[in-house]
Amino acid sequence: MALLRRRTLGRVAYTDRALPAITPVNYAVDGETIVFRTAAGTRLADGTQDAVVAFEVDDADPSTRSGWSVVVVGVASEVTRASETLRAVELALAPWAGDGRNRFVRITPTFVSGRRVSVGQ
């Protein structure tokens with residue numbers, strides 16, 4: 001989770017009409033959960049409604065051939081309780097894709113895995 005706190009862009013993998021889909025999102029880590037924003041009625045919103053998802057963040061340096069990757073598997077659900085929504089707003093998580101993304105989604109991790117890679121490993 002510490003590596004996830006270093007970045008603000010990740011990818012959500014979810015099911016869209018029985019097929020795998022991956023969407024990049026900007027995000028924030030809130031305690032031990034991941035929060036991102038989307039718009040109601042989108043495929044991302046529908047695919048992350050009380051659903052098992054994967055979330056991935058990585059970092060790579062081609063010049064040193066090193067990097068890391070973290071994958072989180074957990075349940076995504078819309079933030080609907082007023083107190084949780086206020087907390088999500090306080091994360092100052094501005095959507096990169098523009099306005100209208102007023103739906104906060106929280107991923108509660110079930111499994112977290114990762115790896116570091118470097119020359120010689």
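1. Asp30 sits in strand β2. The model is predicted. Asp30 is buried, at a relative accessible area of 9%, which is under the 20% cut-off for that class. Setting aside neighbours within four places in sequence, Asp30 is in contact with Val35, Arg87, Leu91 and Arg106. The contact list thus deserves a look in the viewer: it includes both Arg87 and Arg106.

2. Strand β2 also carries one half of an aromatic pair. Tyr27 lies in β2, which covers residues 19-30. The structure holds 1 aromatic pair. Tyr27 and Phe55 form that pair, with 5.0 Å centre to centre and 80° between the planes. The geometry is edge-to-face, because planes over 60 degrees apart fall in that class.

3. What does the pair tie together? Phe55 lies in strand β4 (residues 51-61) and Tyr27 in β2, so the pair links parts that are 28 residues apart in sequence. Are the two rings' residues buried or exposed? Tyr27 is buried, with a relative accessible area of 3%. Phe55 is buried as well, with a value of 0%.

4. Strand β4 pairs onward with β5. The two run antiparallel, and 11 bridges join β4 to β5 (residues 66-78). For a register check, Val53 stands opposite Gly74 in β5. The hairpin of β4 and β5 has 4 residues between the strands. Within this hairpin, Arg65 takes a positive phi near 50°.

5. Strand β5 has a further partner in β6. Here 12 bridges join β5 to β6, which spans residues 103-117. This pairing is antiparallel too. Val75 of the pairing stands opposite Thr108 in β6.

6. Next, the largest pocket. About 220 Å³ of space lies in it. Of the 14 residues that line this pocket, Pro24, Val25, Arg37, Ala97 and Arg101 are the closest to its centre. The lining divides into 8 nonpolar, 4 polar and 2 charged residues.

7. Which strand supplies the largest share of the pocket lining? Strand β2 does, with 4 residues. Strand β3 (33-38) also contributes: β2 and β3 each supply at least two residues of the lining. Strand β2 therefore recurs through this note: it holds Tyr27 of the aromatic pair, it holds Asp30, and it gives the pocket the largest share of its lining.

Key:
Residues are numbered from 1 along each chain as its sequence is written. This is a predicted model: local features need pLDDT of at least 70, side-chain atom pairs count only at pLDDT 80 or more; totals for chains, interfaces and linings use all residues. Side-chain values use heavy atoms; hydrogens and water are left out. Rings of Phe, Tyr and Trp (its six-membered ring) pair if their centres lie within 6.5 Å; planes under 30 degrees apart count as stacked, over 60 as edge-to-face and the rest as tilted. Buried means under 20% relative accessible area, exposed over 50%, partly exposed in between (1.4 Å probe, protein chains only). Contact means heavy atoms within 4.5 Å. On a 1 Å grid over the protein atoms alone, a cavity is a set of points where a 1.4 Å probe fits but cannot get out, and a pocket is an open set with protein on both sides within 12 Å along at least five of seven lines; lining residues have an atom within 4 Å of a point. Grid points are joined across faces, edges and corners, and a volume is the space filled by probe spheres set on the points. Ala, Val, Leu, Ile, Met, Phe, Trp, Tyr, Cys and Pro count as nonpolar, Asp, Glu, Lys and Arg as charged, and the others, Gly among them, as polar. Two strands pair if DSSP finds at least two bridges between them.
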